[in-house]
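Some questions on a protein model follow, each with a short reasoned answer.

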Amino acid sequence: MSRVVEITDLKVYHRTPHGPLRAVDGVTLHVDSGETLGLVGESGCGKSTLARCIVGINRPSQGTIALGGQGLGSGRADRLSRARAVQMVFQDPSGSLNPRLRVGRIIAEPLIVHRLGSTAQRQVRVEDIAAQVGLTSHHLDRFPHELSGGQRQRVSIARALALEPGLLVCDEAVSALDVSVQAQVLNLLLDVQDRLKVALLFISHDLSVVRYVAHRIAVMYLGRIVEVGPADAVWKRRAHPYTRALTNAIPDEQVRRDNIELLEGDVPSPINPPSGCPFRTRCPFARARCAEEVPQLRDRGGGLSVACHFAEEIEQGRTAEATDWPAAVGASPNASLTSA
Ligand code: SF4
């Protein structure tokens, strides 16, 4: 299996009057051809910044992104290569579709920009892609505002597929849709992937949705990957306390029986992150070591990697909630909590 994207030690720091804002803080990740990698985490954890770096909207402060085995710069030729390697589907189809263009022209736009095919060939290609996402010639003559939210997202997906990219980045692509329409668009993405063998980077704050579509899941917290592995292993083992907390919001019998911890408080400010483990200010298992040492991703077997000093004990249920840590750390657990 070949890599469609390989991200190595990626950092995105923004300058602010109060110091650097660490939106992405040393992420190493890959997506293989034909697979779906789900990227999950709360709002503000850096998921979208990472996605925007992959498609070239944001520039990283440090680290590399290789698409199809090639590192790409910011020149015109690189931008064109990148556009043909990776495309993005945004959360709000209304905001990402030109309201003055008819749907057929919107889907054809990438082909026109890249001067691919004659007018007649482009027309055939547009009708073909439209059919693949469940749109008809009737829809191609409409303007975006004449379509439903689900149909507009189908247009976004069709436009993203026009250049036959190896990777489709879907950033909260179903979050703005009604629940029933969400399922339709998710099934469409799975169907498109199966037929076209395109890889998906599926980004969401909702672990239950990610679990439904992804082969592998990466869990992100405060700019870092804290757990990554096969979807089943991440879901069933919940080896990182943050993954456990995310599952708590999911109405699942098994999860309730497991009495998973509630996730309390806000994500700390990425301008002033906690020392040591970034999750320690919200973690019920935190101890003194967690304030002193940043946990690195460690192989936990079965393809699962977890960034937690006590992942073994937590996974085996041998760790009770720590009662000693506020004294050991020398501060209130919430001392460094600020709004993201
Ligand atoms: S390293 Fe410590 S604070 Fe971080 S998740 Fe593990 S137990 Fe919690």
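Q: Are the two faces of strand S6 covered or open?
A: In this predicted model, local features need pLDDT of at least 70 and side-chain atom pairs count only at pLDDT 80 or more, while totals for chains, interfaces and linings use all residues. Residues are numbered from 1 along each chain as its sequence is written, and side-chain values use heavy atoms, with hydrogens and water left out. Strand S6 spans residues 86-89; strands (E, at least two residues) and helices (H or I, at least four) are DSSP runs numbered from the N terminus. Val 86 and Met 88 on one side, and Gln 87 and Val 89 on the other, are all buried (under 20% relative accessible area, with exposed over 50% and partly exposed in between, using a 1.4 Å probe and protein chains only), and both faces of S6 are covered.

Q: In which sense do S6 and strand S7 pair?
A: Two strands count as paired if DSSP finds at least two bridges between them. Val 86 of S6 stands opposite Leu 167 in S7, and Val 89 stands opposite Cys 170. S6 and S7 (residues 167-171) are joined over four bridges, and the sense is parallel.

Q: Why is S7 described as largely enclosed by the rest of the structure?
A: On one side of S7 lie Leu 167, Val 169 and Asp 171, and on the other Leu 168 and Cys 170. Both faces of the strand are covered. S7 is largely enclosed because the buried residues number five of the five.

Q: Over how many bridges do S7 and strand S8 pair?
A: Cys 170 stands opposite Phe 202 in S8. Strand S8 covers residues 199-204 and pairs with S7 in the parallel sense. The number of bridges between S7 and S8 is five.

Q: Which strands are the edges of the open sheet?
A: Strands of a sheet pair through backbone hydrogen bonds, either parallel or antiparallel. Here eight strands with mixed pairing form an open sheet, in the order S6-S7-S8-S3-S9-S10-S12-S11. An edge strand pairs on one side only, and the two that do so are S6 and S11 (298-299).

Q: What is the volume of the largest cavity?
A: A cavity is a set of points, on a 1 Å grid over the protein atoms alone, where a 1.4 Å probe fits but cannot get out; lining residues have an atom within 4 Å of a point. Grid points are joined across faces, edges and corners, and the volume is the space filled by probe spheres set on the points. The structure holds one cavity of 30 Å³ or more. The space in the largest cavity is about 90 Å³.

Q: Which lining residues lie nearest the centre of the largest cavity?
A: The lining has 11 nonpolar, two polar and one charged residues, where Ala, Val, Leu, Ile, Met, Phe, Trp, Tyr, Cys and Pro count as nonpolar, Asp, Glu, Lys and Arg as charged, and the others, Gly among them, as polar. In all, 14 residues line this cavity. Nearest its centre are Cys 277, Cys 283, Cys 290, Cys 308 and His 309.

Q: Where does the ligand sit?
A: The residues around the ligand (a heavy atom within 4 Å) include His 240, Arg 280, Phe 285 and Phe 310. By class, this shell has nine nonpolar, two polar and one charged residues. A molecule sits in a cavity if more than half of its atoms lie within 2 Å of the cavity's grid points, and the ligand's place is the largest cavity.

Q: What is the phi of Glu 164?
A: Most residues other than glycine have a negative phi. Glu 164 lies in the loop between helix H7 (149-161) and S7, and counts as exposed because its relative accessibility is 61%. Although Glu 164 is not a glycine, its phi is positive, about 55°.

Terms used
1 Å grid on protein atoms, 1.4 Å probe; cavity = no way out; pocket = protein on both sides within 12 Å on 5 of 7 lines; lining within 4 Å.
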